[in-house]
Amino acid sequence: MKYDHYDLVIVGTGFASSFFLKKYLSKVKGEKKILVLEKGYFFPQAERLKIKRDLPTAYQKYDLPSEEAFVNVSKGKEWPFSLSYGGSSNCWWGCTPRFMPNDFKMKSKYGIAQDWPLDYNDLDPYYYEAEELMSVSGPEGTPFPRKGKYPLPPHSFSLVDKIMHKTYGTDYISQPGARASHATAQRNSCMAFSTCETCPVNAKFTIENSGIGVYGDTRVELVYGAQVHRLETQNDVVKKVFFEREGKELSVSGEVVVLGANPFFNSNILLQSGDKNPLTGKGFGEQLGMQVLIYLDNITNAGGSTWVNANGYMLYDGDHRKDFAACLIEANNAPYDIRLERGKHLNVASYRLVFEDLPLDSNYITTTENRFVPEVHFKERSDYTLRAVENMKQKLPGILSCLPVEKLIYLDPASHEGHIIGGTRMSTDKAHGVVDQHMIHHQYRNLFVLGAGAFTTFGPSNPTLTVSALSLLSADKSF
């Protein structure tokens, strides 16, 4: 490190940290000393592809298994993420729908859980900014309020998608996605390989290919291999950040500190630091996802130009959310099943049904004897979510009646949705959450705790665009 004291110390280089830093650098003038501590290392996309193809690479040592970074008490429940520069931008699948306005008003609208301390209109300008930075591909008409065109045109529909869109209009749209429909200066166009975790043609947005330039700024010092484990506080102010690097215990002080790791590690750092808020680490989880296979009569489900071609909102919003959860339909353009009947091998479509869940205190994160390794307890789904699964099974045949459906096959719920949400929830006061509407800790007012951990509730939409927009808002309103 160049200095002992910095104006800003940031933990992590994923979406939350990088978008916060992008806005911060645009706001502050003159010389600033900024330190970014990254637990992992720079692991280029080209080298990730070599590992996927079983080719030798000197970067193999950086292919760190995420399951070894925490203790998972709940076997069968998976929590995949990436431990390297760019965080989970390296393993996400590029789905970027916005939240619906009522997602922020669950208590006042439906009597469920809590309202967020901000609303859709607060976030709207930052949604646009994040979509521009990611060069999102999307349609003009959407079920959520949005004016104008997306940065890139929408991906093309499959035959089934065309029929569904004709029937349901803007309740069935080409999914907004950070998988480029046309080549950009940094990325190629998506070729629908359905291997988005490591995109073979570099079409998916990542921090590496983003071109946002924050880590090349002369004011920013980036340190790899820095495992942060606690903060030192004094009179409700964070004074120092403690971390280990190359076997040495180090510390650094900062005027402002930002935790931008994933919810497991943000919660762990706070708990290791003596945070006494009873909600820290509590109420984490994610959406429930399950697959349905749709056998079709005399229709080949051909076409489509990306992995998730479309989103259906027919089961998402409405008064039913007083009784059971919203469901987002994802049309998966991937071979989940090939029929064995003669002449019908492609007469099949596949939908992912994604259900919101609630933050339950019975799902929580604790520390372990190893200060770097949190312990994750995921015990249950809410009845609210499970009732929505049963409602979906009753309603889906009618929704699909515009198609020549032979039968539906429901698969078991998936082991994960690739999302980690909650643990440092946002609220109007410290009695109901850990951070405020700008993701500043209720007690430590020079500490930001970013990311999906701050979500007050877990709507069914993919969280990454909202994570990024919240970080832009947080930095914009705070400096």
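## A sheet, its neighbours and some salt bridges

Ile173 stands opposite Asn311 of strand β10. The model in which these two residues are placed is a predicted one. This report starts from that pair, then turns to the sheet, the salt bridges, one helix and an annotated domain.

**Asn311 and the sheet**

Asn311 is found in strand β10, and its relative accessible area of 0% makes it buried. Leaving aside neighbours within four places in sequence, Asn311 is in contact with Pro97, Asp171, Tyr172, Ile173, Gln175, Pro176, Leu328, Ile329 and Glu330. Ala331 is 20 residues from Asn311 in sequence, and their C-alpha atoms are 6.2 Å apart in space.

Strand β10 covers residues 308–312 and pairs with β4 in the antiparallel sense, over 3 bridges. Both strands belong to an open sheet of 6 strands, whose order is β4-β10-β11-β12-β9-β15 and whose pairing is antiparallel. At the edges stand β4 (172–174) and β15 (405–410); each has a single partner strand, so one side of each has no neighbour in the sheet. On average, and with direction ignored, neighbouring strands of this sheet are turned by 25° against each other. Strands of a sheet pair through backbone hydrogen bonds, in either a parallel or an antiparallel way.

Helix α5 (residues 159–168) lies across β4, β9 (288–296), β10, β11 (327–332) and β12 (348–355). The helix runs at about 130° to β4.

**Salt bridges**

The structure holds 21 salt bridges. Three of them are listed here, with the distance between the closest N and O atoms.

| Acidic residue | Basic residue | Closest N and O atoms |
|---|---|---|
| Asp124 | Arg98 | 2.7 Å |
| Asp317 | Arg321 | 2.9 Å |
| Asp357 | Arg381 | 3.2 Å |

Arg98 forms a salt bridge with Asp124. Arg98 lies in the loop between β3 (71–72) and α3 (106–110), while Asp124 lies in helix α4 (residues 120–134), so the pair ties together parts that are 26 residues apart in sequence. Arg98 is buried, its relative accessible area being 0%.

In the pair of Asp317 and Arg321, the two residues are covered to unlike degrees: Asp317 counts as partly exposed at 26% relative accessibility, whereas Arg321 counts as buried at 0%.

Asp357 forms a salt bridge with Arg381. This pair links distant parts of the chain, 24 residues apart: Asp357 is in the loop between β12 and β13 (364–366), and Arg381 is in the loop between β14 (375–377) and α7 (383–399). Asp357 is buried at a relative accessible area of 3%, and Arg381 is buried at 16%. Elsewhere, Arg98, Asp124, Glu131 and Arg146 are joined into one network by salt bridges that share partners.

**Helix α1**

What span should the 13 residues of helix α1 (residues 15–27) have at 1.5 Å a residue? The expected value is 18 Å, and the end C-alpha atoms are 18 Å apart, which agrees. This helix is mostly covered, with 10 of its 13 residues buried. Among the buried residues of α1 are Phe15, Phe19, Phe20, Lys23 and Tyr24. An α-helix has 3.6 residues a turn, so residues three or four places apart point the same way.

**An annotated domain**

An unreviewed UniProt entry places the feature "domain: Glucose-methanol-choline oxidoreductase C-terminal" at residues 417–470. Over residues 417–470, the chain is 13% helix and 6% strand. The end C-alpha atoms of this stretch are 21 Å apart.

How values were computed
Residues are numbered from 1 along each chain as its sequence is written. This is a predicted model: local features need pLDDT of at least 70, side-chain atom pairs count only at pLDDT 80 or more; totals for chains, interfaces and linings use all residues. Side-chain values use heavy atoms; hydrogens and water are left out. UniProt positions are given in the numbering used here, feature names are shortened, and annotations may be inferred rather than shown by experiment. Helices (H or I, at least four residues) and strands (E, at least two) are DSSP runs, numbered from the N terminus. The expected span of a helix is 1.5 Å times one less than its number of residues. Buried means under 20% relative accessible area, exposed over 50%, partly exposed in between (1.4 Å probe, protein chains only). Two strands pair if DSSP finds at least two bridges between them. Axes are lines fitted to C-alpha atoms, for helices over the stretch in contact, and angles run from 0 to 180 degrees between N-to-C directions. Contact means heavy atoms within 4.5 Å. A salt bridge is a side-chain nitrogen of Lys or Arg within 4 Å of a carboxyl oxygen of Asp or Glu.
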